[in-house]
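Let's take a walk through this one, starting with its charged pairs and ending with the overall layout. Have the viewer open as you read.

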Amino acid sequence: MSSPKVSVYSLSDLKNTTDDALPNYLTSLKFKQSHSLADTRLLLGYSAVIIAGVTFYADYKLGWDATKFWTLWAVIAYFILNGALTYWIWGVEKGTVFTGQFSGSSISIASSVTKNKPIYKLQVECARAGGIPQTLKLSAPFTRWFDSDGYFVANPFQRWLATVVPLVGEADPQKVEAGTAATEPHVVIETQQTNGTDTLTKSAADGLPSPAVRSRKSKRTP
């Protein structure tokens, strides 16, 4: 089944399509996904909706005079829940698209984009059993896995992810590109020591589209 076509000029469409593909790929590699962040967000959101609905129903059935005391507390609770939901989305989730485990190691991946820059950015936090937690900051142009017609091409994206994220590479060694990420022209690697925790930063510079991603129209041309 082919992926839906998106506008190559819409950063939100490019990011959302890539975000959707990321957990699908990892779960296909037997990563066990945790839904705790999403479950908490849904709990806060639905709780606020239920309070609003119950308050409206009580006011409709019993009248304002009978419910105004409880309505006050319902409104306070509603705003508290919405405030907590906003904080949860922006302060806790922070763009997280996947959290889970693989072979005793935990992994959390958050994505982001910068306005007017077609670069996909990932912050990957890995914690191996008994090891030092590691943070990887990655980026690559969307043209690496979107063709010129706006279709998402899974294989280049999966190969990039398996190459630059060691835990993913262990789960799918066949997708790891020859050599190391350090040898790729679009990847720069810096290593530093911060508060006893190794932080590995990899960032992709702007460049030409990957040869693996071509226009579908060009493929059909003899």
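D19 and K15 make a salt bridge, with their closest N and O atoms 2.7 Å apart. Keep in mind that this is a predicted model. Both residues sit in helix α1 (residues 11–28), four residues apart, or about one turn of the helix. Neither end of this pair is out in the open: D19 is buried at 9% relative accessible area, and K15 also counts as buried, at 17%.

The next pair reaches further along the chain. E93 and R41 meet in a salt bridge at 2.8 Å, N to O. E93 belongs to helix α3 and R41 to helix α2 (residues 36–62), so this contact ties together parts that are 52 residues apart in sequence. E93 is buried at 8% relative accessibility, while R41 is partly exposed at 31%.

Now hop over to the loops. E177 and R144 form a salt bridge of 3.2 Å, N to O. E177 is in the loop between α5 and β6, and R144 is in the loop between β5 and α4, so parts 33 residues apart in sequence get tied together. R144, R159 and E177 are joined into one network by salt bridges with shared partners. The whole structure has six salt bridges.

For something greasier, go back to helix α3 (residues 64–93), where I80 is found. I80 is exposed, at 56% relative accessibility, and it joins F69, W70, L72, W73 and I76 in a nonpolar surface patch with about 710 Å² of accessible area together.

Zooming out, the protein has six helices and seven strands, in the order α-β-α-α-β-β-β-β-α-α-β-β-α. Of its 222 residues, 38% are buried.

Notes
Residues numbered from 1 in each chain as written. Predicted model: local features only at pLDDT ≥ 70, side-chain atom pairs only at ≥ 80, totals over all residues. Heavy atoms only, no water. Patch = residues over 30% accessible without salt bridge, like charges linked within 9 Å, V, L, I, M, F, W, Y side chains within 5 Å. Areas by Shrake-Rupley, 256 points an atom, 1.4 Å probe, with all protein chains shown as cover. Salt bridge = Lys/Arg side-chain N within 4 Å of Asp/Glu carboxyl O. Helix = DSSP H or I, 4+ residues; strand = E, 2+ residues; numbered from the N terminus. Buried < 20%, exposed > 50% of the residue type's maximum accessible area, 1.4 Å probe, protein only.
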